[in-house]
Amino acid sequence: MGTRWYAIDEVDDAFFDTAPLRHARSVDIPFPAEQTWAALTGDEVSSWTKGMHELRWTSPRPFGVGTTREINMNGNFVLRERFYRWEEGRRKTFTGVAATRSIFRHLIEDYVVEPTPEGSRFSWRFAAELRRPWSFFAGPLDRFFFAPTGRSHIDGLRDHMLSRAAGSGVAYTVKGH
């Protein structure tokens, strides 16, 4: 028997202002923006994000508008995403398109990488609306799953990059050091 997929209604940037569930977070990274972007578009995102088992790009490189990927989360939950914005090296935004559980009515995430004097800043936004009956449990789901997963994804990037740099023997020059 094949996997059953549930459609997620696609949305655009306007949804960030109206979504019932919203998060925004930024972290300063002591590496140049190009390296931060490379980490975010690589294949290792699942290695530092809590609850994520595997990320699989389903579009060939080079990535751009229309790029797709699948994220395998805890509980054998798989999410399909499509990027409707791709500004290479700077910004990418996706909307959820399907999932193996009928949890999301709408889902969107935005990633922005900007250079700073000390390296780069990674900013992330998440917005979602859950389907019933999940919407009745939005508060606990957000508190115990969505928010911690988002924090681990954003905050874990810095530590991941630092550990990769230390383990590879590659010398990174950070301004001011």
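**Talking through the fold**

Trainee: How much accessible surface does the protein chain have, and what share of that belongs to carbon and sulfur atoms?
Mentor: Keep in mind that this is a predicted model. The accessible surface of the protein chain is about 9,400 Å². As for carbon and sulfur atoms, their share is 52%.

Trainee: What radius of gyration does the protein chain have, set against a compact globule?
Mentor: Start with the box: the C-alpha atoms fill roughly 50 × 35 × 25 Å along the principal axes. For 177 residues, a compact globule would come out near 16 Å. The protein chain agrees with that, at 17 Å.

Trainee: Which pattern do the helices and strands follow along the sequence?
Mentor: The protein chain has 3 helices and 8 strands to place. Read along the sequence, they give β-α-β-α-β-β-β-β-β-β-α.

Trainee: Where do the buried residues of H2 sit around the axis?
Mentor: H2 covers residues 33-40, and its buried residues are Ala 33, Thr 36, Trp 37, Ala 39 and Leu 40. Their arc around the axis is only 160 degrees, which puts them on the same side of H2. In general, an α-helix has 3.6 residues a turn, so residues three or four places apart point the same way. So the place you asked for is the same side of H2.

Trainee: How many Å apart are the centres of the positive and negative side chains?
Mentor: Count the two sets: 24 positive and 22 negative side chains in the protein chain. The distance between their centres is 4 Å.

How values were computed
Residues are numbered from 1 along each chain as its sequence is written. This is a predicted model: local features need pLDDT of at least 70, side-chain atom pairs count only at pLDDT 80 or more; totals for chains, interfaces and linings use all residues. Side-chain values use heavy atoms; hydrogens and water are left out. Buried means under 20% relative accessible area, exposed over 50%, partly exposed in between (1.4 Å probe, protein chains only). Helices (H or I, at least four residues) and strands (E, at least two) are DSSP runs, numbered from the N terminus. The arc is that of the directions from the helix axis to the C-beta atoms. The radius of gyration is taken over C-alpha atoms; the globule rule is 2.2 Å times the number of residues to the power 0.38. Accessible areas come from the Shrake-Rupley method with a 1.4 Å probe; for residues, only the protein chains shown count as cover. Lys and Arg count as positive and Asp and Glu as negative; His and the chain ends are not counted. The place of a charge is taken as NZ of Lys, CZ of Arg, CG of Asp or CD of Glu.
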